[in-house]
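Here are a few exercises to work through with the model open beside you. Try each one yourself, then check the solution under it.

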Amino acid sequence: MHLSPNIELGGFEFDLSIVLMLIVTCAIVLIIARLGTRNLSVENPGKMQNFMEWLVEFVQGMMSSTMDLKKGKPFLSLGLTLILFIFVGNMLGLPFGIVTEYHDASKATFFNQPLVNVVEELHKVHAANPAGEAEVGVSWWKSPTADPAVSLGLAGLIFLIVHFLGITRNTKAYFKHYLQPFPVFLPINLIEQFSKLLTHGMRLFGNIFAGEVLIAQLVKLGSLGIFGFVASIPLLMVWQGFSIFVGSIQAFVFTMLTFLYISQAIATHEDH
């Protein structure tokens, strides 16, 4: 696996590839939303308008399976944003990758900021083999959701939204459910809430990361001579097709679980 281009600012390390991919993902989602909502027409809708209308109905269908549509209406935009953002993010690492090679620690910089982990790795390689040429590959293009910081960050954002809604909209029932069926179950109910946070984010990260690791290995197989190249082409085609399926399913599951957790937090006694 290649390294990430990390720089240090204010005592914190930032992964530039993740920053780049988040900007690209947001830009693509904004473009899709803009194309789907401009020149709206009832009599002669365009292809992008039809696609957005289908997506809205699809997300409404997901929502209706977990909560009443009247209660869920304020969260439609959240669901649309999540499913578009995660789907686009999951797909970005599939078609190609951008990798740069560094041999000299003094040139491993980005706008005069040293790529700290690359410099450290080059020094390690050089120390292990002073006579040889050090070489470190850096990956600049990958799925942002293949990074645990992004996946767990999304899950953490949903976690905060869910509990804020529970505390502000359904206060009595929200706190009461931690003591059900008996007060002695309080620790178990607390553990359950934090396990939801971890599984929500790690499921997305694990599936997308594993897919990209296997694609990297198949690309490496293609560089091992003519037989490796020939064998890697059908394997890559099959795996990339399967990765599109997995990426779509993970966007669906993440959004569906978001609606489920929100519905549980705002469910009143009358709903039960």
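**Exercise 1: annotated spans**

Over residues 75–98 of this predicted model, the chain is 71% helix and 0% strand, with 36 Å between the end C-alpha atoms. Now take residues 149–167: how far apart are the end C-alpha atoms, and what are the helix and strand percentages?

*Solution.* Start with the record: an unreviewed UniProt entry lists both spans under "transmembrane region", along with 16–37, 204–231 and 237–262. Next, go to the ends of 149–167, where the C-alpha atoms are 26 Å apart. Finally, assign the secondary structure: this span comes out at 100% helix and 0% strand.

**Exercise 2: two packed helices**

Work out how helix 2 and helix 9 are oriented to each other, and which residues make the contact.

*Solution.* Two packed helices are described by the angle between their axes and the distance between those axes. For helix 2 (residues 47–64) and helix 9 (residues 225–266), that's about 50° and 9 Å. An angle of about 50° falls between the 35 and 65 degree cut-offs, so the pair is oblique. The crossing is right-handed. Helix 2 brings Phe58, Val59, Met62 and Met63, while helix 9 brings Phe252, Thr255, Met256 and Phe259. Sort these contact residues and you get seven nonpolar, one polar and no charged.

**Exercise 3: a hairpin**

Find how strand 1 and strand 2 run, and which residue between them takes a positive phi.

*Solution.* Strand 1 (residues 6–9) and strand 2 (residues 12–15) are antiparallel, joined by four bridges. For one partner pair, look at Glu8, which bridges to Glu13 in strand 2. Two residues sit between the strands, and Gly10 has the positive phi, near 60°.

Definitions and conventions. Residues are numbered from 1 along each chain as its sequence is written. This is a predicted model: local features need pLDDT of at least 70, side-chain atom pairs count only at pLDDT 80 or more; totals for chains, interfaces and linings use all residues. Side-chain values use heavy atoms; hydrogens and water are left out. Axes are lines fitted to C-alpha atoms, for helices over the stretch in contact, and angles run from 0 to 180 degrees between N-to-C directions. Angles under 35 degrees count as roughly parallel, over 145 as roughly antiparallel, 65 to 115 as roughly perpendicular and the rest as oblique. A crossing is left-handed if the near helix is turned anticlockwise from the far one by less than a right angle, and right-handed if clockwise. Contact means heavy atoms within 4.5 Å. Ala, Val, Leu, Ile, Met, Phe, Trp, Tyr, Cys and Pro count as nonpolar, Asp, Glu, Lys and Arg as charged, and the others, Gly among them, as polar. UniProt positions are given in the numbering used here, feature names are shortened, and annotations may be inferred rather than shown by experiment. Two strands pair if DSSP finds at least two bridges between them.
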